Amino acid sequence: MNHVDYLTALLRTVSYDALNCGNHELYARGDGHNDFCPITGLQQSGYIESWDGRYLTSNIVQPNSTTPVGSRYTTLVGKHGTKLLVFGFLYDMPDHCPAVGVLKVEEVVRSAWFLAALASQGRAADAIVVLAHMDANDPLVRVIHDAIRASLG
């Protein structure tokens with residue numbers, strides 16, 4: 001069993017309703033020739049898939065594509081029927097490993113899938129939750145907030 005297997009086994013015991021990717025999963029580790037990116041281990045181990053669509057990567061995609069690494073968003077339903085539309089964003093990380101692409105938040109909030117999710121799920125939701133792996137004072141938080149408000153009125 002390698003270190004990723006040990007880590008993912010432990011992480012699978014955490015009872016979060018949803019989570020998003022952070023920057024530390026996207027840094028290359030190694031000697032420069034045989035770099036390993038932790039997100040690759042999370043994908044290969046089945047960890048991301050084990051979250052059944054609740055591992056959110058609204059702006060993290062497979063390399064050279066627009067296919068998200070996890071899910072772009074999810075809808076959670078509470079035991080009394082409360083519906084939450086949940087997104088998971090990472091800041092505009094420029095120094096990520098080559099195993100992924102990180103799309104600019106400013107572009108994602110104007111994308112067709114984001115606007116469609118808000119149109120189809122946002123109006124039916126009791127609240128919209130944004131898991132934002134960024135500083136609370138990061139201007140990107142306002143970008144996301146303003147885009148949601150502009151879409152929903």
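These are my notes on aromatic pairs, one helix packing and two loop residues in this structure.

**Entry 1: before I start**

I'm looking at a predicted model, so I treat everything below as computed from that model.

**Entry 2: aromatic rings**

I began with the rings. How many aromatic pairs are there? The count comes to nine.

I looked up Tyr47 and Trp51, which make an edge-to-face pair. Their ring centres are 6.2 Å apart, and I get 75° between the planes. An angle over 60 degrees counts as edge-to-face, so the label fits this pair at 75°. Are these two residues buried or exposed? Tyr47 is buried, and Trp51 is buried too.

Next I took Phe87 and Phe89. This pair is tilted, with 40° between the planes and 6.4 Å from centre to centre. I checked the cut-off here as well: rings pair if their centres lie within 6.5 Å, so 6.4 Å makes it. Phe87 and Phe89 are both buried.

Which aromatic cluster do Phe87 and Phe89 belong to? I find them in one cluster with Tyr73, Trp113 and Phe114.

**Entry 3: helix 5 against helix 6**

Phe114 took me on to helix 5, since I met this residue again in the contact with helix 6. Helix 5 covers residues 112-122, and helix 6 covers residues 139-152. I noted two values for how they pack: an angle of about 55° and axes 10 Å apart. The two helices are therefore oblique to each other. As for handedness, helix 5 passes helix 6 in a right-handed crossing.

Which residues make the contact? From helix 5, I listed Phe114, Leu115, Leu118 and Gly122. From helix 6, I wrote down Ala147, Ile148, Ser151 and Leu152. Sorted by class, this contact has six nonpolar residues, two polar ones and no charged ones.

**Entry 4: two loop residues with positive phi**

I finished with the backbone. Asp52 caught my eye: its phi is near 50°, a positive value, and the residue is not a glycine. Where does Asp52 lie? I found Asp52 in the loop between helix 3 (47-50) and strand 2 (55-56). Its relative accessible area is 65%, so I put Asp52 down as exposed.

Asn64 also has a positive phi, about 55°, and is not a glycine either. I traced Asn64 to the loop between strand 3 (60-61) and strand 4 (73-77). Is Asn64 buried or exposed? At 85% relative accessibility, Asn64 counts as exposed.

Technical notes:
Residues are numbered from 1 along each chain as its sequence is written. This is a predicted model: local features need pLDDT of at least 70, side-chain atom pairs count only at pLDDT 80 or more; totals for chains, interfaces and linings use all residues. Side-chain values use heavy atoms; hydrogens and water are left out. Rings of Phe, Tyr and Trp (its six-membered ring) pair if their centres lie within 6.5 Å; planes under 30 degrees apart count as stacked, over 60 as edge-to-face and the rest as tilted. Buried means under 20% relative accessible area, exposed over 50%, partly exposed in between (1.4 Å probe, protein chains only). Axes are lines fitted to C-alpha atoms, for helices over the stretch in contact, and angles run from 0 to 180 degrees between N-to-C directions. Helices (H or I, at least four residues) and strands (E, at least two) are DSSP runs, numbered from the N terminus. Angles under 35 degrees count as roughly parallel, over 145 as roughly antiparallel, 65 to 115 as roughly perpendicular and the rest as oblique. A crossing is left-handed if the near helix is turned anticlockwise from the far one by less than a right angle, and right-handed if clockwise. Contact means heavy atoms within 4.5 Å. Ala, Val, Leu, Ile, Met, Phe, Trp, Tyr, Cys and Pro count as nonpolar, Asp, Glu, Lys and Arg as charged, and the others, Gly among them, as polar.
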